[in-house]
Amino acid sequence: MSLAVSLRRALLVLLSGAIFILTVLYWNQGVIKTQAFSEAQLRPHNHRDRYHFSIPVEKSWTYKCENDRCVRSSYRKNAANTKRVSFISCSMTCGDINIWPHPTTKSLISAHTLRFSVEDVQLRMDSPHREVAKQLKVAFDWFVKDLRQIQRLDYAAHTAESAAASAFVSESTARHEPAETPPAASLFSSTFGLHRSGDLDSLQVKLSVHDSSELNFNLDNNESYHLSTTFEHRRLVVHITAHSFFGARHGLSTLQQLIWYDDEDRLLHTYASSLISDVPKFRYRGLMLDTSRHFFSVEAIKRTIAAMGLSKLNRFHWHITDAQSFPYVSRYYPELAEHGAYSESETYSDQDVKEIVEFAKIYGVQVLLELDAPAHAGNGWDWGPKRGLGELSLCINQQPWSFYCGEPPCGQLNPKNNHTYLILQRLYEEFLQLTGPTDIFHLGGDEVNLDCWAQYFNDTDLRGLWCDFMLQSNARLKLANGNVAPRHVVVWSSALTNTKCLPNSQFVVQVWGGSTWQENYDLLDNGYNVIFSHVDAWYLDCGFGSWRATGEAACSPYRTWQNVYKHRPWERLRLDKKRRKQVLGGEACMWTEQVDENQLDNRLWPRAAALAERLWSDPNDDHDFDIVSPEVFRRFSIFRNRLVELGIKAEALFPKYCSQNPGECI
């Protein structure tokens with residue numbers, strides 16, 4: 001009898017427990033674990049390798065804020081029964097807000113900070129646009145992934161279920177879910193009176209995008225955002241409001257910089273109160289990478305784009321082909337890569353390109369593919385006669401090369417072969433299909449050598465021939481784009497762009513020459529919109545010596561991050577309001593004659609981030625040329641360390657002593 005009673009009691013306890021668990025699961029059915037790898041990302045970053053570049057723990061030093069700078073002193077545990085203050089925690093609570101690029105409109109933060117773990121982070125979506133909500137969910141997953149790496153958790157070893165422990169509640173699409181659903185761990189802790197380590201049970205990120213359903217890039221995208229926080233009852237709510245997905249994505253990048261890892265308590269920290277309003281000064285904030293002179297893996301390109309997103313650069317200009325190699329494997333004309341790639345393994349399939357494009361959108365970055373033409377088209381174009389298409393390109397590998405091109409090998413498309421234009425049309429079609437609808441496209445058009453063409457067309461106006469080629473290419477671009485002309489068609493500047501044969505209502509000129517050259521004024525006076533990429537400031541490949549025996553093989557000197565940051569061409573050229581409106585923005589260029597994957601990170605970063613603040617905030621600067629304020633140095637040093645935390649092998653700014661002792665070396 002007593003045994004039966006005991007069994008009944010045991011069953012009753014088990015039943016009660018089951019009911020309790022089912023109740024918890026029911027009330028948390030709106031909670032979705034964040035998965036930090038979306039289906040669009042086929043090759044996630046290798047975090048195990050990247051951990052070798054984390055910022056080391058410095059247990060022997062503590063820091064104190066004095067006169068808006070962190071002062072280092074020796075620390076011995078239990079010596080005075082005081083807690084060690086890490087450098088990053090001091091830096092983030094001492095002086096001006098530590099965000100790069102600096103917000104343009106408003107930025108207020110509290111001195112009070114809160115400790116939490118990435119497992120406390122949740123997402124709450126507020127958008128009536130289903131596709132926008134879906135894209136923001138993916139962006140949030142990658143935001144959480146970065147937080148895991150910042151917190152130095154071994155992300156790769158976790159399953160999707162344990163990876164982020166974050167909640168996702170869509171206010172617009174929810175039907176029967178409660179308005180606010182705490183994570184299960186929070187419910188258990190509140191039920192049993194338990195608390196997590198840290199000051200928060202949850203950090204809820206609320207993303208609100210109501211105005212725009214736009215997910216396609218264009219120069220009129222509204223990239224503004226507003227970020228505010230409220231804190232009560234161990235819950236911090238970060239509300240990011242934006243007109244579009246693109247603004248909300250920038251808000252996430254800012255939020256990531258409002259969070260840091262404290263190596264003393266091994267938790268993430270953030271501010272109890274923050275208020276930021278932000279909008280960029282320039283619409284086009286670009287970075288160009290040449291993948292013809294050296295090949296770069298998909299992983300290296302994605303790593304570059306992730307750093308662009310954190311620094312709010314928004315256009316990845318992919319100079320994918322040149323005379324040296326043709327690495328893109330065309331669906332229509334695979335012969336181009338068969339004859340032009342360095343090797344079978346050094347090629348980009350359409351799936352590779354699509355993967356990069358989708359990854360870039362997660363970070364608010366548009367991919368612009370450039371097939372430079374008519375010059376810079378040699379290797380890969382020599383198979384025309386075998387296919388009965390005639391000579392598609394002329395002067396291929398012709399010697400002496402210095403007579404017929406700027407650097408070896410030579411090659412220039414045949415402007416009087418209709419097959420050449422058909423191939424270009426098909427390639428443009430492929431590019432547009434891969435990158436999606438756009439209002440901007442790059443046609444190349446630079447460094448045409450008229451002596452090359454003169455060998456074949458000596459009775460022709462060669463300057464007019466270039467004009468005809470560019471106009472025909474533009475007509476083919478329109479056909480490739482469904483008979484719709486892109487609003488902006490970009491060409492590189494040259495002596496030929498001042499012929500005024502290209503309509504200024506559509507053509508944009510990317511000005512790569514010197515910042516004091518007359519062409520700057522001439523192009524603006526001729527009514528062209530411009531993108532500045534001045535060789536004397538924003539060419540990041542310069543300053544590494546000569547790489548060939550003859551000719552000018554190097555642009556010197558090295559462009560320091562101060563050179564990049566201080567360059568304000570709209571000020572240097574003394575442009576009036578009308579001409580300033582013709583400046584769409586700027587772009588840093590990385591030509592890769594002397595750069596391969598081994599140097600890519602430290603050649604680009606953090607110098608490209610200096611351009612990012614110039615184009616986002618364009619802060620006033622009264623200092624002498626190449627001199628930046630200690631406050632800028634301090635923020636830039638912190639941002640460089642953030643890049644290193646995320647696995648970017650960014651170049652050092654100064655000795656580590658200087659970073660540990662802000663203000664002493666400047």
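Two strands count as paired if DSSP finds at least two bridges between them. Keep that in mind as you explore this predicted model.

**Exercise 1.** Decide in which sense strand 10 and strand 11 pair, and place them in their sheet.

*Solution.* Start with the bridges: strand 10 and strand 11 (residues 267–271) are joined by three of them, in the antiparallel sense. One spot to look at is Tyr261, which stands opposite Leu268 in strand 11. Next, widen the view: the open sheet has three strands in the order 4-11-10, with antiparallel pairing. Strand 4 (113–116) and strand 10 (260–262) are at the edges with a single partner strand each, so one side of each has no neighbour in the sheet. From one strand to the next, the twist averages 40 degrees.

**Exercise 2.** Find out how the rings of Phe295 and Tyr348 are arranged.

*Solution.* The structure holds 30 aromatic pairs. For Phe295 and Tyr348, the centres are 4.6 Å apart and the planes 25 degrees apart. Planes under 30 degrees apart count as stacked, and this pair is stacked. Now locate the partners: Phe295 is in the loop between strand 13 (284–290) and helix 8 (298–311), and Tyr348 is in the loop between helix 9 (335–340) and helix 10 (350–362), so the pair ties together parts 53 residues apart in sequence.

**Exercise 3.** Classify the pair Tyr428 and Phe441, then work out whether each residue is buried or exposed.

*Solution.* The ring centres lie 5.4 Å apart with planes at 75 degrees, so the pair is edge-to-face. Tyr428 belongs to helix 11 (residues 418–435) and Phe441 to strand 18 (residues 440–444). Buried means under 20% relative accessible area. Tyr428, at 1%, is therefore buried, and Phe441, at 6%, is buried too.

Note on methods. Residues are numbered from 1 along each chain as its sequence is written. This is a predicted model: local features need pLDDT of at least 70, side-chain atom pairs count only at pLDDT 80 or more; totals for chains, interfaces and linings use all residues. Side-chain values use heavy atoms; hydrogens and water are left out. Helices (H or I, at least four residues) and strands (E, at least two) are DSSP runs, numbered from the N terminus. Axes are lines fitted to C-alpha atoms, for helices over the stretch in contact, and angles run from 0 to 180 degrees between N-to-C directions. Rings of Phe, Tyr and Trp (its six-membered ring) pair if their centres lie within 6.5 Å; planes under 30 degrees apart count as stacked, over 60 as edge-to-face and the rest as tilted. Buried means under 20% relative accessible area, exposed over 50%, partly exposed in between (1.4 Å probe, protein chains only).
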